[in-house]
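Have your viewer ready and follow along, one selection at a time. Which strand contacts are worth picking out, and what sits around the ligand?

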Amino acid sequence: MAINTNNNIPLNQEYESEPVAGFSDIFRWLNTPKNSLGKDDSIYYTCNGRGALYQLFLNIPSEYGATVLLPAFHCPTVVEPALSAGYKVKFYDVDLEMGKAFGDFTSLVDDDVAAVLVINYFGFKFNIDKVVSSTNSRFALIEDNSHSFLDARTFRVSAARGDASIYSFWKLLPSTIGGGFTVASSFFEPVHVEIKSSVKNSLQCNKHIFGKALGRFFYSRFGQAGREKKKLLEGPVTDRNINKSYPFSKLESLFKLPWLPRKIMHYSNLESIVSIRRKNYKTYSSLLVGHQRFAALKPILEDDVCPWAYPILLEDRHNNDYVLRNKGLLFFTFGEILHPELKGGDEAFSQAVELSNNLLCLPVHQDLTDAQIKQNCQILIDYYRDS
Ligand SMILES: Cc1ncc(COP(=O)(O)O)c(C=O)c1O
């Protein structure tokens, strides 16, 4: 069901999680100075976050172990790069607030662990105390800043606390693709690979960005009439095929980030993005308090956070989300599909399974208007009042 909000951005699935470039984003480099990201030459660019992880795993010196320790609650795109780089994977559980390691972390860290990955979920700093105090043996601490590369106080890439950080810029910026990594200690001596992708690939990327900008332009002129009708969903997601949903390719992980997305990234207005995303987050916070059937995962927005989304825990989300989508709710999921290497039925991963079944992410991106955020809240509140 399409809802008329009298706003420029359609309530359409493609606008749910990430911002989309308009022509002003594409051509901003012509009349605007570079932002702090564009001036930061410590970043090694890749086409996405998974590519950055793969390149980092390839860079772990060979004298270290053969296992990478990953959070049980994750996106499968963090597991594939480790496996593809030749590592075994083990998982540690995270608590239901997604703020710290849960359970006995120390027993998992032995001499065979070459790297531990921590995810700063939704842009909130993960507590690394357990990780850094876990053992005397040396491993790489990799911080996954894929959900939000930006520090909301400095408008720069978040400062690394471990040996290296990875980023997925397209989650906050309208560049469609773009990832990267930085290295903060002597653990890594990075060998950064950049293979020029084929002309066809680069053209396809540009076509995609321009196509979306054109779609956005037409929508702002002609509204929903100019767009395809959204397909109603019939039931919960049952396709658990990670290769389809989260494709990973060793070759693409080495591709050079093309020119156009790079330009969009380096000339985006980071201050304005931080301010809108934080404002949207606070609107959700103020409108979604005190409901019995769902609760904010991170009620307090710390000063340094530029949020990826407004995460909530919703009872039995996986059986309600498709109904909510049909009612026009804008949302996306994270961790809905866990990597099959995380073996089912293990007690230790109960939190991950619970999060996977109940987490729902409400978008806060800079293309959304106040009216759309309010309407999103209303859909959710109405649904639970009526059901
Ligand atoms: C925590 C985390 N790390 C890494 C990635 C991979 O980022 P990308 O999609 O840019 O490859 C994702 C993707 O959503 C993610 O959620």
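Select Val-68 and then Ala-115: Ala-115, in strand 5, is the bridge partner of Val-68. This is a predicted model, in which local features need pLDDT of at least 70, side-chain atom pairs count only at pLDDT 80 or more, and totals for chains, interfaces and linings use all residues. Residues are numbered from 1 along each chain as its sequence is written.

Widen the selection to strand 2 (residues 67-71) and strand 5, which pair in the parallel sense over three bridges. Strands (E, at least two residues) and helices (H or I, at least four) are DSSP runs, numbered from the N terminus, and two strands pair if DSSP finds at least two bridges between them.

Now add strand 6 (residues 140-145), which pairs with strand 5 in the parallel sense over five bridges. Look there for Ile-142, opposite Leu-117.

Is strand 5 (residues 113-119) mostly covered or mostly open, then? Mostly covered: seven of its seven residues are buried, that is, each has 20 or more other C-beta atoms, placed from the backbone, within 10 Å of its own.

Next, pick helix 11 (residues 350-358), where Ala-352, Leu-355 and Ser-356 are buried. Look down its axis: the buried residues fall within an arc of 100° (taken from the directions from the helix axis to the C-beta atoms), so they line one face of the helix. They pack against strand 3 (88-94) and strand 13 (359-363), with contact meaning C-beta atoms, placed from the backbone, within 7 Å.

Finish at the ligand, surrounded by 13 residues, each with its backbone-placed C-beta atom within 6 Å of the ligand. Among the closest are Asn-48, Arg-50 and Ser-168.

How values were computed: Buried ≥ 20, exposed ≤ 12 C-beta atoms within 10 Å, placed from the backbone. Contact = placed C-beta atoms within 7 Å.
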